[in-house]
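User: Hey, can you walk me through this one? I'm new to this, so keep it simple.

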Amino acid sequence: MVNRMVMNVAIDMPAGLMETENEKNTSVYPEVSVGVPLVASPKMSMRNVDVFYGEKQAIYNVNVDIGQNEVIAMIGPSGCGKSTFLRSINRMNDTVDSCKVTGQLTLDGEDIYAAKMDPVALRARVGMVFQKPNPFPKTIYDNVAYGPRLHGLASRRAELDEIVETSLTRAGLWTEVKDRLDQPGTGLSGGQQQRLCIARAIAISPEVILMDEPCSALDPIATAKIEELIAELSKNYTIAIVTHSMQQAARVSHRTAYFHLGHLVEVNETEKVFTAPEHQLTEAYITGRFG
Ligand SMILES: Nc1ncnc2c1ncn2[C@@H]1O[C@H](COP(=O)(O)OP(=O)(O)OP(=O)(O)O)[C@@H](O)[C@H]1O
Ligand SMILES: [Mg+2]
């Protein structure tokens, strides 16, 4: 199937591939029809999203829904805006002075950029796991207990203990660390640290988890554990994952969104994206023509 697709790739490179980042030529990009969410009411909905760093535009008119309990993968060449877009949907870009986000972005229908929306409360609802595991310089226990303490989620120590155990269990780390909870989180292996960061993210019961290349610093075994975990977590959470690994996107996601130079070129069922992509640019990327 893949070989046949490679042979079918048009010889002429689409104009978009020649384009530099500063020359906007939207004519080569289809108006992306909004991806069909897997549930009637999407968990998050993004419409006409533009993102700028100062004068420079990084995201152009992106429209996409993320369905409840869906795992959506975001793929595309380096610099195409995946992290920028992901960071816009929990207002992490607020921390970048030059960054401006426009458009309508909602969580359960609530405008996440509304004046009354508290970004700290929003980030508790839309948690994030980063590329490089970044445990706090605290014990394993305190890493996981940090968020629940901050948000006052436990009134007694026993309750906090339970949240810590449940979160570590869900993150697939409990049996490995239950006898060393008072040791520093930074003393764990890279893969364990990333699972600790996932436990820390889920300890405050977020509704959505954003993951920006969560496995890029991990070996194949640790990666496989995180991928299993994503499948498990998707029963309770909505997940958006940025990945450079097309195999990973194919393994973990229900739908895949392909970004190119700040445009969302295609969003479809993952199987369709990898076997019968709609857009030439997606096809060129997944068949390894560039990226
Ligand atoms: N803080 C920033 N200030 C200015 N420009 C930025 C900033 N962060 C990102 N950019 C620019 O925005 C564009 C999109 O970058 P982004 O990091 O979102 O891409 P990406 O798809 O996540 O890339 P990668 O796969 O390499 O992580 C790039 O041109 C990048 O240089
Ligand atoms: Mg990135």
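Analyst: Sure, one term to start: buried means under 20% relative accessible area, exposed means over 50%, and partly exposed is in between (1.4 Å probe, protein chains only). This is a predicted model, where local features need pLDDT of at least 70, side-chain atom pairs count only at pLDDT 80 or more, and totals for chains, interfaces and linings use all residues. Residues are numbered from 1 along each chain as written, chains are lettered from A and ligands numbered from 1 in the order written, and side-chain values use heavy atoms, without hydrogens and water.

User: Ok, is Thr256 buried or exposed?

Analyst: Thr256 counts as buried, because its relative accessibility is 0%. Thr256 lies in strand β9, residues 255–260. Strands (E, at least two residues) and helices (H or I, at least four) are DSSP runs numbered from the N terminus.

User: Which side chains does the Thr256 side chain make polar contacts with?

Analyst: One is the side chain of Ser253, at 3.3 Å, and another is that of Thr270, at 2.9 Å. A polar contact is a pair of N or O atoms within 3.5 Å; within protein, one must be able to donate a hydrogen and the other to accept it, and residues adjacent in sequence count only if both atoms are side-chain atoms.

User: And what else is Thr256 in contact with?

Analyst: Leaving aside neighbours within four places in sequence, the list includes Ala73, Ile75, Val267 and Phe274. Contact means heavy atoms within 4.5 Å.

User: Switching topic: how many residues surround ligand 1?

Analyst: There are 15, and the closest are Ser78, Lys82, Ser83, Thr84 and His244. To be near, a residue needs a heavy atom within 4 Å of the molecule. α3 gives the largest share of that shell, three residues.

User: Which atoms of Thr84 and Gly81 lie by an oxygen of ligand 1?

Analyst: For Thr84, a polar side-chain atom lies 2.5 Å from an oxygen atom of ligand 1. For Gly81, a backbone N or O atom lies 3.0 Å from an oxygen atom of the ligand.

User: Last thing, what pLDDT does the protein average?

Analyst: The average is 87, and 86% of the residues score at least 70. Over residues 1–27, though, the pLDDT is below 50. pLDDT is the predictor's confidence in each residue, from 0 to 100. Where pLDDT is low, don't read the predicted coordinates in detail.
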